[in-house]
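This report walks through selected features of one protein chain and its ligand, for a reader who has the coordinates open. Please keep the structure in view while reading.

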Amino acid sequence: MADDDVVIAGAGPAGSALALRLARAGVKVRVVERSVFPRTKVCGEYLSPGALRELETLGLGKRIAAHAAPCHGIRLYAARGDPLALAFKDGEALALERCVLDAVLLEAACAAGAFHERARVEGVIVEHGRATGLRVREPSGLLSERRGRVVVGADGIGSVVARRLGLAREVCAADERFALGGHIRSAALDGWISMFAGAGAYFAVNPLGGERANVMLVLRQREIAAWGGCVDVCARQRIARLVGERAPLTLFPADGRRMAVGPLRQRVRRPDAPGALLVGDAAGFLDPFTGQGVWMALEGARHAADAILGVLHGDVRERWAWRRYARACRRSWLPRWVLSSGIGLLRNRDGLAMRAIEQARAHRTPATALLGACAGRVSALRRPPEQ
Ligand SMILES: Cc1cc2nc3c(=O)[nH]c(=O)nc-3n(C[C@H](O)[C@H](O)[C@H](O)COP(=O)(O)OP(=O)(O)OC[C@H]3O[C@@H](n4cnc5c(N)ncnc54)[C@H](O)[C@@H]3O)c2cc1C
């Protein structure tokens, strides 16, 4: 017998946004999250125009804007030369610390009636080929079960739910990448995001308001492995090589305040199984270069809520609802993946990347369209608004 209508693993943007939508529709929903909130997380602090539109549909636009810093635009640097710049209109994109974004979403979900529980999901209960609940380790160490009519994996990269349901796909590990970064203080910030790419790595600086910024160095695991124990020195040298003389900012958090995230991969064969859905990064992860992750997580939560409500209300059979959800995920994922892969190819070839930026400066309209798609101003499928 199910205790809840829906049990969700993970209270990131995908899990909390889904819980919020379901709770508002009167569904009995439980979110199981292993971390204590508010928690520091250095991923997803750039909120793209697409992500802000989704937050607006949740009625959280004003609350988010009240805590966030304006993002004036993005400057994209190749290995050498001047950047390609994309300016945002006022409020079109924002920067917000994840501890605030996650707390706002989860608080809104709980205020709407969702139940939040701190525990680690360790497995999925499968009976007669159907997911019927989560196995959770409570903070006391006790292993117990949380049953629901629908089980959702919103537990991010490396999703336990995706693995336990056999949905996760093995990805070639030869080119595994990690992100190293955290928060810094600098007087040299101007509200623009700077992305420095070259030789298979990139360094991103995302100002968070005042003198604070999120900085992130993304590079191959084998490069980090070759540094031995000298991460502090080698990371700074690598950043200096990427930034050159073009910006005064080469600060990087020292050991103890630095966070590592990775491997940066999550692919699934499909985002659904009998009785279960995957949402957000658990359903597939894109390189963070294009800053689309939060948008996709919130969009995925909207599609998942539609599918689950259809099933719970008896309007549609689960098989059809899940099929429609999987199609929506593919439509959301594919164009962004193509875009992200294309950018990744350019990023790994300095000559090509520099030529592309020169061409982009000469042809502003397609360049703005492309950069707009990368920055999450428009969907990678849709035409950009007229400038
Ligand atoms: C380095 C980096 C930088 C990024 N920068 C940006 C950016 O600027 N803008 C942007 O839009 N996107 C960015 N992204 C992507 C973005 O962070 C993700 O796409 C987004 O957070 C996905 O949300 P989610 O809810 O699916 O997953 P997550 O945010 O990862 O949330 C998953 C939640 O599940 C919980 N969880 C995991 N396992 C368990 C378990 N076993 N039991 C219980 N709970 C569990 C976790 O604690 C977490 O709270 C970045 C990603 C990385 C790696």
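Strand 3 and strand 7 (residues 94–95) pair in the antiparallel sense over two bridges, and within this pairing Tyr46 stands opposite Ala95 of strand 7. In this predicted model, the two strands belong to an open sheet of three strands, ordered 3-7-4, with antiparallel pairing. Strand 3 (46–47) and strand 4 each have a single partner strand and stand at the edges, so one side of each is left without a neighbour in the sheet.

The domain assignment divides the chain into domain 1 (4–74 + 92–171 + 265–345) and domain 2 (177–261), whose C-alpha centres lie 28 Å apart. To the contact between them domain 1 contributes 14 residues and domain 2 contributes 18 residues. On the side of domain 1 that touches domain 2, strand 4 (69–70) and strand 5 (73–77) each supply at least two residues, and by class that side has ten nonpolar, two polar and two charged residues.

Where does the ligand lie with respect to domain 1 and domain 2? Both domains give residues to the shell around the ligand, so the ligand lies between them. Of the 37 residues around the ligand, those that come nearest are Gly10, Gly12, Gly156, Gly280 and Gly293. Two or more residues of the shell come from each of helix 1 (13–24), strand 2 (29–33), strand 9 (120–127) and helix 8 (293–312), and helix 8 gives the most, with four residues. By class, the shell divides into 20 nonpolar, eleven polar and six charged residues.

Phe203, in strand 14 (residues 201–209), counts as buried because it has 28 C-beta neighbours inside 10 Å. Leaving aside residues up to four places away in sequence, Phe203 touches Phe196, Leu217, Ile239, Leu242 and Val243. Of these partners, Ile239 is 36 residues away from Phe203 in sequence, yet the C-alpha to C-alpha distance is 6.6 Å.

Helix 11 (residues 364–374) has Leu370, Leu371, Gly372, Ala373 and Cys374 as its buried residues, and what covers them includes strand 5, strand 6 (84–87) and helix 9 (318–347). After helix 11 comes Gly376, whose phi is positive, near 80°.

Several loops carry backbone features that may be checked in the coordinates, and they are set out below.

| Site | Backbone feature | Loop |
|---|---|---|
| Phe37 and Pro38 | cis peptide bond, omega about -5° | Pro38: between strand 2 and strand 3 |
| Gly262 and Pro263 | cis peptide bond, omega about -5° | Pro263: between strand 16 (259–261) and strand 17 (272–273) |
| His128 | positive phi, about 50° | between strand 9 and strand 10 (130–137) |
| Ala199 | positive phi, near 50° | between strand 13 (192–198) and strand 14 |

Neither His128 nor Ala199 is a glycine. His128 is exposed, with 7 other C-beta atoms within 10 Å, whereas Ala199, with 16 other C-beta atoms within 10 Å, is partly exposed.

As for confidence, the chain averages a pLDDT of 91, and 96% of the residues score at least 70. Over residues 383–387, however, the pLDDT is below 50, and this stretch has six contacts in the model beyond near neighbours in sequence. Where pLDDT is low, the predicted coordinates should not be read in detail.

Conventions. Residues are numbered from 1 along each chain as its sequence is written. This is a predicted model: local features need pLDDT of at least 70, side-chain atom pairs count only at pLDDT 80 or more; totals for chains, interfaces and linings use all residues. A residue is near a molecule or strand if its C-beta atom, placed from the backbone, lies within 6 Å of it. Ala, Val, Leu, Ile, Met, Phe, Trp, Tyr, Cys and Pro count as nonpolar, Asp, Glu, Lys and Arg as charged, and the others, Gly among them, as polar. Domain bounds come from an automatic or database domain assignment. Two residues are in contact if their C-beta atoms, placed from the backbone, lie within 7 Å. A residue is buried if 20 or more other C-beta atoms lie within 10 Å of its own, exposed if 12 or fewer, and partly exposed in between; C-beta atoms are placed from the backbone. Two strands pair if DSSP finds at least two bridges between them. pLDDT is the predictor's confidence in each residue, from 0 to 100.
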